[in-house]
Amino acid sequence: MMQHANLPAHVGIIMDGNGRWAKKRGLPRKMGHKAGAATFKDIARYANKIGLKYLTTYVFSTENWKRPKDEVDSIIELLRSYLNEMDGYAKENIRVRFIGDRSVFDEDI
């Protein structure tokens, strides 16, 4: 594990702009969310590699529920996919904790 002298203990990221990223490229918004999820995985692994102790990511706000059902469904499926990969993250020394109101999600989440 690489250590950086001035590395903070905790970094927060707000995942925003994925839909705009896709629109700018002529893609459906859900493709932007998919690209954002892939980027998040890269960021989480890099944060672990450099020795960042905590990474908090804000990924789904109550405002997201107001989006078209098709878009919300695609975001939820990305979350499910991520959760299915959890064992792999644990092997990489990455632990995930969900904070906020989880009662609005399906039981399997």
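1. From the N terminus on, the protein chain runs β-α-α-β-α-α. That order is made up of four helices and two strands. The model is a predicted one.

2. Along its principal axes, the set of C-alpha atoms of the protein chain fills a box of roughly 45 × 35 × 20 Å. Of the 109 residues in the protein chain, 28% are buried. The area that the protein chain exposes comes to about 8200 Å², with 53% of it supplied by carbon and sulfur atoms.

3. On contact order: taking contacts in the protein chain between residues at least 6 apart in sequence, 70% join residues at least 24 apart.

4. Helix H3 covers residues 69-84, and its length can be checked against its residue count. Its 16 residues, at 1.5 Å a residue, should span 22 Å, because the expected span is 1.5 Å times one less than the number of residues. The end C-alpha atoms of H3 are 22 Å apart, so the model agrees with the expected span.

5. Which residues of H3 are buried? They are Glu71, Val72, Ser74, Ile75, Ile76, Leu79, Arg80 and Tyr82. The list includes Glu71 and Arg80 alongside Val72, Ile75, Ile76 and Leu79. As for their partners, the buried residues of H3 pack against helix H2 (29-49) and helix H4 (86-91).

6. On charge, the protein chain has 19 positive and 14 negative charges. The mean positions of these two sets lie 7 Å apart.

Notes. Residues numbered from 1 in each chain as written. Predicted model: local features only at pLDDT ≥ 70, side-chain atom pairs only at ≥ 80, totals over all residues. Heavy atoms only, no water. Buried < 20%, exposed > 50% of the residue type's maximum accessible area, 1.4 Å probe, protein only. Contact = heavy atoms within 4.5 Å. Areas by Shrake-Rupley, 256 points an atom, 1.4 Å probe, with all protein chains shown as cover. Lys, Arg positive; Asp, Glu negative; His and termini not counted. Charge placed at Lys NZ, Arg CZ, Asp CG, Glu CD.
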